[in-house]
Amino acid sequence: MRKPKNPTTSSKYDYQVVQEPLFSRGGKPVMIGKSPVMGNFRTDNNVCLGTSTEKYEIVNNSKIVDSVEDALSKNGLSGFTSQKFVARDGARFYGVYDFPTVTGKVANGDAVGMRLTLNNSFDRSTGVDFTLGLMRLACLNGQMTLVADTSVTKKHSHKLTLDFITDAIHSCTLKFEESIKDFGTLAKREITQEQGGLILDNLA
């Protein structure tokens with residue numbers, strides 16, 4: 001995964017974020033209906049990353065990373081490489097996990113590996129999201145393309161727990177094996193140039 005081109009991108013992701021009520025210049029609480037507006041502040045530099053109401057549950061990046069890596073360990077997925085970074089002063093978190101030992105062959109000379117991507121935010125731009133997909137060599141220059149296979153998104157609410165991650169990753173790894181078989185079946189099917197053009201037209 002390529003880092004977003006943003007001067008505020010950083011590899012420091014394990015800061016803590018807390019909610020604090022916001023007030024008008026006259027000292028009155030800022031309200032939306034009957035709900036006070038909260039600012040989501042980093043505790044290390046006091047930067048406000050976004051606003052929300054009290055119904056919005058803060059989920060710190062380090063908690064997600066710990067939960068995911070614990071789930072990977074429980075599912076026997078070791079030996080991974082990872083990149084973790086934040087953008088927009090820390091309002092958005094991105095995590096990428098690659099698994100060099102989890103691979104499969106679709107056809108002769110056509111292999112895929114497994115990649116897990118994570119997303120989190122403190123500005124309501126995304127929930128707690130992870131996607132597991134198949135990394136496939138797209139061309140001879142080594143460029144890779146991700147075919148998203150399974151995606152899970154949870155909203156930032158008081159009902160949110162991270163207990164779902166272990167079972168979800170287990171289900172994803174099983175789906176990965178099934179997808180390799182499906183791609184293998186597709187690879188064996190010959191299509192004409194006309195049929196290929198029709199497929200691309202429908203995708204567009």
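The protein has 3 helices and 10 strands, here seen in a predicted model. Going along the sequence, these elements come in the order β-β-β-β-β-α-β-β-β-β-β-α-α. Of the 204 residues in the protein, 38% are buried. As for how the chain meets itself, 55% of the contacts with a separation of 6 or more are made by residues 24 or more positions apart. The accessible surface adds up to about 12400 Å², and carbon and sulfur atoms account for 51% of that area.

Helix 1 is a handy place to start looking around. It covers residues 61-74, 14 residues in total, and spans 20 Å from its first C-alpha to its last, close to the 20 Å expected at 1.5 Å a residue. Buried residues turn up along helix 1, namely N61, S62, I64, V65, V68, A71 and L72. In general, an α-helix has 3.6 residues a turn, so residues three or four places apart point the same way. In this helix, I64, V68 and L72 are among the buried residues. Just past the end of helix 1 comes G76, whose phi is positive at about 70 degrees.

Next comes S121, which belongs to strand 8 (residues 110-121). S121 counts as buried because its relative accessibility is 0%, and the cut-off for buried is under 20%. Its side chain has polar company all the same: the side chain of S121 makes a polar contact with the side chain of D123 at 3.5 Å, and the S121 side chain also reaches the backbone oxygen of T126 at 2.8 Å. With neighbours within four places in sequence left aside, the residues in contact with S121 are Y56, A91, R92, T126 and H156.

Now for the aromatic rings. The count comes to 5 aromatic pairs. One of them is formed by Y15 and F122, a tilted pair with 6.2 Å from centre to centre and 55 degrees between the planes. This pair ties together distant parts of the chain, 107 residues apart: Y15 sits in the segment before strand 1 (17-21), while F122 is in the loop between strand 8 and strand 9 (128-137). Y15 and F122 are both buried. A stacked pair is made by F85 and Y94, with 5.6 Å between the ring centres and 20 degrees between the planes; both F85 and Y94 are buried as well. Elsewhere, ring pairs join F80, Y97 and F99 into a cluster. Y15 has a charged partner too, since R42 lies over the face of its ring, at 3.8 Å from the ring centre.

Finally, two arginines stand out for their backbone angles. Most residues other than glycine have a negative phi. R88, however, is not a glycine and has a positive phi of about 55 degrees. R88 is found in the loop between strand 6 (81-87) and strand 7 (92-107), and with a relative accessible area of 36% it is partly exposed. R124 is likewise not a glycine, and its phi is positive at about 70 degrees. The loop between strand 8 and strand 9 is where R124 sits. R124 has a relative accessible area of 56%, so it counts as exposed.

Conventions. Residues are numbered from 1 along each chain as its sequence is written. This is a predicted model: local features need pLDDT of at least 70, side-chain atom pairs count only at pLDDT 80 or more; totals for chains, interfaces and linings use all residues. Side-chain values use heavy atoms; hydrogens and water are left out. Helices (H or I, at least four residues) and strands (E, at least two) are DSSP runs, numbered from the N terminus. The expected span of a helix is 1.5 Å times one less than its number of residues. Buried means under 20% relative accessible area, exposed over 50%, partly exposed in between (1.4 Å probe, protein chains only). A polar contact is a pair of N or O atoms within 3.5 Å; within protein, one must be able to donate a hydrogen and the other to accept it, and residues adjacent in sequence count only if both atoms are side-chain atoms. Contact means heavy atoms within 4.5 Å. Rings of Phe, Tyr and Trp (its six-membered ring) pair if their centres lie within 6.5 Å; planes under 30 degrees apart count as stacked, over 60 as edge-to-face and the rest as tilted. A charge sits over a ring if NZ of Lys or CZ of Arg is within 6 Å of the ring centre and within 35 degrees of the ring normal. Accessible areas come from the Shrake-Rupley method with a 1.4 Å probe; for residues, only the protein chains shown count as cover.
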